[in-house]
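Colleague: I should like to understand how this chain is arranged. May I put some questions to you about the model?

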Amino acid sequence: MNDQTETIFAKILRKEIPSVAVYEDDDVYAFLDAHPVNPGHTLVIPKKPSKGFLDAEPEVLEKLIVAVQKITQAVKIGMKADGINLHQNEGAAAGQEVFHLHIHIIPRFENDGYEHWHGKSYTSEEEAEKTANEIRKNLV
Ligand code: AMP
C-alpha cells in the first residue's frame, strides 16, 4: 500500500467518505472543494494516483488537463464567473495538504477579495539571466 492509497482523496474515490460529485469518467473524478474560495470551487483528480504533478505519468496528465478544460467551462458558465484561477500546489512548502494530484478550479468574481501573490523584482538583468540559466540547464 503506497502513500496515495491512504490519502483522503483515495478514500473519496473509493466512496468511503462522501463528496459532492461534479464530473466522472474512467480516468478522472471532480468534486466540490469542502472549503471553497468561492462557491463552485472544484477539485479535479486523476483516478490513477500520484503525489503531485511532477511524478504523474504524461498519459495521466493528458487526460486530466482535457477534463480540466471541460469542467472549467462548466464551472465558469454555471457559476456565472467573471474569471477562473487554475491552481495546483506542489509540495508542502507550496501549500499542498493532500498528496494525491489535484487541480483547483476556482471561479472568480470582480472584487471577490481573493488576492494573488505579491511579486518581487530582480535586482538586475544579470540576476534574471543567471536565474533563467539555473532553470535552462536542468531541462531534460
Ligand atoms: P491542497 O492544499 O492543494 O492540497 O488542497 C487540498 C484541498 O482539499 C483544500 O482546498 C481542502 O479544502 C480540500 N479538501 C480536503 N478534504 C476534503 C474533502 N473531504 N472533500 C472536499 N475537499 C476537501
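Colleague: How many residues make up the largest nonpolar core?

Modeller: The model is a predicted one. Its largest nonpolar core includes Val28, Ala30 and Val44, together with residues such as Leu64, Ile71 and Ile105. Counted in full, this core has 12 residues.

Colleague: Which element supplies the largest share of this core?

Modeller: At least two residues of this core come from each of β2, α2 (58-78) and β5 (103-108). The largest share amounts to five residues, and the element that supplies it is α2.

Colleague: Which residues does Ala67 touch, if residues up to four places away in sequence are not counted?

Modeller: Ala67 is itself a member of the largest nonpolar core, as is Val28. With residues up to four places away in sequence left out, Ala67 touches Val28 and Tyr23.

Colleague: How many residues form the second, separate core?

Modeller: Among the members of this second core are Phe9, Ile12, Phe31 and Val98. It is separate from the core described above, and its size is seven residues.

Colleague: Is strand β2 largely enclosed or largely open?

Modeller: Strand β2 covers residues 28-32. A residue counts as buried when its relative accessible area is under 20%. Four of the five residues of β2 are buried, and therefore the rest of the structure leaves this strand largely enclosed.

Colleague: How many bridges join β2 to strand β3?

Modeller: On one side, β2 runs antiparallel to β1, to which three bridges join it. These two strands form a hairpin, with three residues between them. Strand β3 (residues 42-46) also runs antiparallel to β2, and the number of bridges joining these two is five.

Colleague: Which residue in β3 stands opposite Ala30?

Modeller: Ala30 lies in β2, where it is the bridge partner of Tyr23. In β3, the residue opposite Ala30 is Val44.

Colleague: Why does Val22 count as partly exposed?

Modeller: Val22 is placed in strand β1 (residues 21-24). With Val20 and Leu32, Val22 makes a nonpolar surface patch of about 230 Å². Partly exposed residues lie between the limits of 20% and 50% relative accessible area. Val22 counts as partly exposed because its relative accessibility is 41%.

Colleague: Is Thr7 buried or exposed?

Modeller: Thr7 is found in the segment before α1 (8-13). Apart from neighbours within four places in sequence, Thr7 is in contact with Val98, Phe99 and His100. Its relative accessible area is 10%, so Thr7 is buried.

Colleague: What distance separates the C-alpha atoms of Gly78 and Pro107?

Modeller: Gly78 has its place in helix α2, and at 44% relative accessibility it counts as partly exposed. Pro107 is 29 residues apart from Gly78 along the chain. The separation of their C-alpha atoms is 9.7 Å.

Colleague: What pattern does the protein chain follow along the sequence?

Modeller: The protein chain has five strands and three helices. Read in order along the sequence, these elements give the pattern α-β-β-β-α-β-β-α.

Colleague: What percentage of the residues in the protein chain is buried?

Modeller: The protein chain exposes about 9,600 Å², of which carbon and sulfur atoms supply 56%. Its C-alpha atoms fill a box of roughly 55 × 45 × 25 Å along the principal axes. Of the 140 residues in the chain, the buried share is 31%.

Notes: Residues are numbered from 1 along each chain as its sequence is written. This is a predicted model: local features need pLDDT of at least 70, side-chain atom pairs count only at pLDDT 80 or more; totals for chains, interfaces and linings use all residues. Side-chain values use heavy atoms; hydrogens and water are left out. Patches are made of residues with over 30% relative accessible area and no salt bridge: like charges are joined within 9 Å, nonpolar side chains (Val, Leu, Ile, Met, Phe, Trp, Tyr) within 5 Å. Accessible areas come from the Shrake-Rupley method with a 1.4 Å probe; for residues, only the protein chains shown count as cover. A salt bridge is a side-chain nitrogen of Lys or Arg within 4 Å of a carboxyl oxygen of Asp or Glu. Buried means under 20% relative accessible area, exposed over 50%, partly exposed in between (1.4 Å probe, protein chains only). Two strands pair if DSSP finds at least two bridges between them. A nonpolar core is a set of buried Ala, Val, Leu, Ile, Met, Phe, Trp, Tyr and Cys residues joined through side-chain atoms within 4.5 Å. Contact means heavy atoms within 4.5 Å.
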